[in-house]
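Here is a friendly walk through one protein model. Keep the 3D view open as you read, and look for each residue when its name comes up.

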Amino acid sequence: MIVKYNADNELLLNDVLAEATPPDFRGAILDQTLGLARRRRRWGQIRRVAGIFTVLGLLGFFVWQKDLPRQASMPMNASKTIEKSYTLVRTQPLPAGEVVATRPLTAGRFIVSTLTVGIVQTGRGNYRLINDNELLALLTSHPAALVRTGPHSEQLIFANPEDEKGFPLN
């Protein structure tokens, strides 16, 4: 704060201070004011220096933290071998003589476990269609319904869902 020098103010100050104060009071006030100004200037310098040291300390800490994982990841004993958690398998194709393949048998070469084999063949016309009443008569012990879904399509529905999987007819 800059105060302009005013002669009237100086005279007024001299009159007020001259009446009630000792003669060295003005010098003491000036010394105290200058001491406070010096203290403020020193405190500002200390804050600047402390700020610089704080920034340097934080910078050093972050650089140290950055290098820390690299040091921890290095093995302590370089001669120690690490066991593999896998087994390496090398493969190569089989020779042609060792490959297994299947081929159909010729007409006269059937392999059987019994001496006689009976061959069953179904001929045409050896069956007859049953009507609805005959179909339902076969299912007397198993409740069922015959539902017509069209002129020539029917569907057999069982009351017990387990019967749909099949049951002995004998």
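## Start with one idea: how covered is a residue?

A residue is called buried when its relative accessible area is under 20%, exposed when that value is over 50%, and partly exposed in between. Take Asp-132 as a trial case: its relative accessible area is 26%, so Asp-132 is partly exposed. Please remember that the model you see is predicted.

## The chain as a whole

How many helices and strands are there in the protein chain? The protein chain has three helices and two strands, and along the sequence they follow the pattern α-α-α-β-β.

The chain has 170 residues, and buried residues make up 4% of them. About 17,300 Å² of the protein chain is exposed, with carbon and sulfur atoms supplying 60% of that area. Contacts tell another part of the story: among those with a separation of 6 or more, residues 24 or more positions apart account for 8%.

## Two patches on the surface

Find helix 2, which covers residues 25-73 and holds Arg-38. Together with Arg-39, Arg-41 and Arg-42, Arg-38 forms a positive surface patch. Is Arg-38 buried, partly exposed or exposed? Its relative accessibility is 41%, so Arg-38 counts as partly exposed.

Next, look for Leu-56, which also has its place in helix 2. Leu-56 belongs to a nonpolar surface patch of about 600 Å². The other members of this nonpolar patch are Val-49, Ile-52, Phe-53, Leu-59 and Val-63.

## Salt bridges

A search of the whole structure turns up four salt bridges. In one of them, the side chains of Arg-148 and Asp-132 meet, with 2.2 Å from N to O. This pair links distant parts of the chain, since Arg-148 is in strand 1 and Asp-132 is in helix 3, 16 residues apart. Arg-148 has a relative accessible area of 48%, so Arg-148 is partly exposed. Asp-132, at 26%, is partly exposed too. Which residues do salt bridges with shared partners join into one network? They are Asp-132, Arg-148 and Glu-154.

Another salt bridge pairs Arg-128 with Glu-134, where the closest N and O atoms are 3.3 Å apart. Arg-128 is exposed because its relative accessible area is 59%, while Glu-134, with 30%, is partly exposed. The side chains of Lys-165 and Glu-162 also meet in a salt bridge, at 3.6 Å from N to O. Lys-165 has a relative accessible area of 68%, so Lys-165 is exposed.

## A buried pair: His-142 and Asp-163

Where does His-142 lie? His-142 is in the loop between helix 3 (132-138) and strand 1 (144-150). With 17% relative accessibility, His-142 counts as buried because the cut-off for buried is under 20%. Leaving out residues up to four places away in sequence, His-142 touches Asp-163 and Phe-167.

Now move to Asp-163, in the segment after strand 2 (153-158). Asp-163 is buried yet has no salt bridge. The nearest side chain of opposite charge belongs to Lys-165, and it is 10.0 Å away. With residues up to four places away in sequence again left out, Asp-163 touches His-142 and Phe-158.

## Looking back

Try finding these places once more without the text. Begin with the arginines of the positive patch, Arg-38, Arg-39, Arg-41 and Arg-42. Go on to the network that joins Asp-132, Arg-148 and Glu-154, and finish at the contact between His-142 and Asp-163.

Note on methods. Residues are numbered from 1 along each chain as its sequence is written. This is a predicted model: local features need pLDDT of at least 70, side-chain atom pairs count only at pLDDT 80 or more; totals for chains, interfaces and linings use all residues. Side-chain values use heavy atoms; hydrogens and water are left out. Patches are made of residues with over 30% relative accessible area and no salt bridge: like charges are joined within 9 Å, nonpolar side chains (Val, Leu, Ile, Met, Phe, Trp, Tyr) within 5 Å. Accessible areas come from the Shrake-Rupley method with a 1.4 Å probe; for residues, only the protein chains shown count as cover. Lys and Arg count as positive and Asp and Glu as negative; His and the chain ends are not counted. The place of a charge is taken as NZ of Lys, CZ of Arg, CG of Asp or CD of Glu. Helices (H or I, at least four residues) and strands (E, at least two) are DSSP runs, numbered from the N terminus. Buried means under 20% relative accessible area, exposed over 50%, partly exposed in between (1.4 Å probe, protein chains only). Contact means heavy atoms within 4.5 Å.
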